[in-house]
Amino acid sequence: QIECAAMIASDWSCRVAELFQEYDVLALPSAQMWPFSADVDWPKAIGEREMDTYHRWMEVVVPATLAGLPVATVPAGFGGNDLPMGLQLMCSRGNDSLALELCAGYHSHIDWPNERPPE
């Protein structure tokens, strides 16, 4: 099983490297759904798909982790419950500086803390 998992991770890393031959950055939401009440252990379903563990609702962060990519997250907006969502910016392996530069540039244009200060 370990060898099989290593092969899957290796195949994924190779595919991601191909993507970065065409794109400088990949952008994905930081979770598959808007934040939920702190009174809820985890969402039990997203649409028709059941979530069998706490981690299942945030699987969208796994691809970057499996490929060993640098990722930085910036604020993206607020949902109907007035809670925030993030946008993860993934860069090619070893390109951590680009991820940080993107976040700094985003912050300088958006200035999120002054636009939407915490209560």
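Set aside the neighbours within four places in sequence, and Ala99 is left in contact with Ala72 and Cys91. In this predicted model, Ala99 sits in helix α3, which covers residues 96–110. Its relative accessible area is just 3%, and because anything under 20% counts as buried, Ala99 is a buried residue. Ala31, by contrast, is 68 residues away from Ala99 along the sequence, and the two C-alpha atoms are 18 Å apart in space.

Ala72, one of the two partners of Ala99, leads on to the cores. Ala72 belongs to a core of six residues, along with Val74, Leu89 and Cys103, among others. This core is separate from the largest nonpolar core, which has seven members: Val16, Phe20, Leu26, Ala64, Ala67, Leu69 and Met90. Two helices each supply at least two residues of that largest core, namely α1 (2–22) and α2 (62–67). As a general matter, nonpolar side chains in soluble globular proteins tend to be buried together.

Met90 is a handy way into the larger of these groups. Leaving out residues up to four places away in sequence, Met90 touches Phe20, Asp24, Val25, Leu26, Leu28, Ala64, Leu69, Pro70 and Val71. Several of these names come back in the core list, including Phe20, Leu26, Ala64 and Leu69.

Val71 is worth a look of its own. Val71 is placed in strand β4, and with residues up to four places away not counted, Val71 touches Ala64, Gln88, Leu89 and Met90. Is Val71 buried, exposed or partly exposed? Its relative accessibility is 36%, so Val71 counts as partly exposed. Glu48 is 23 residues from Val71 along the chain, with 29 Å separating their C-alpha atoms.

Strand β4, residues 71–78, pairs with strand β5, residues 84–91, in the antiparallel sense, and seven bridges join them. Within this pairing, Gly77 stands opposite Met85 of β5. The hairpin of β4 and β5 has five residues between the strands, and Asp82 takes a positive phi there, near 65°.

Elsewhere in the chain, Ala45 is found in strand β2, which runs over residues 45–46. Ala45 has a relative accessibility of 38% and so counts as partly exposed. Its contacts, not counting residues up to four places away in sequence, are Glu50 and Met51. From Ala45 to Leu19 there are 26 residues in sequence and 31 Å in space, C-alpha to C-alpha.

Now for the overall picture. The chain has four helices and five strands, following the pattern α-β-β-β-α-β-β-α-α along the sequence. Its C-alpha atoms fill a box of roughly 45 × 40 × 20 Å along the principal axes. Of the 119 residues in the chain, 21% are buried. Taking contacts between residues at least 6 apart in sequence, 58% of them join residues at least 24 apart.

On the outside, the chain exposes about 8,300 Å², with 58% of that area supplied by carbon and sulfur atoms. As for charge, there are 17 negative side chains and 6 positive ones, and the centres of the two sets lie 5 Å apart.

Conventions. Residues numbered from 1 in each chain as written. Predicted model: local features only at pLDDT ≥ 70, side-chain atom pairs only at ≥ 80, totals over all residues. Heavy atoms only, no water. Core = buried A, V, L, I, M, F, W, Y, C linked by side-chain atoms within 4.5 Å. Buried < 20%, exposed > 50% of the residue type's maximum accessible area, 1.4 Å probe, protein only. Contact = heavy atoms within 4.5 Å. Areas by Shrake-Rupley, 256 points an atom, 1.4 Å probe, with all protein chains shown as cover. Lys, Arg positive; Asp, Glu negative; His and termini not counted. Charge placed at Lys NZ, Arg CZ, Asp CG, Glu CD. Pairing = 2+ DSSP bridges.
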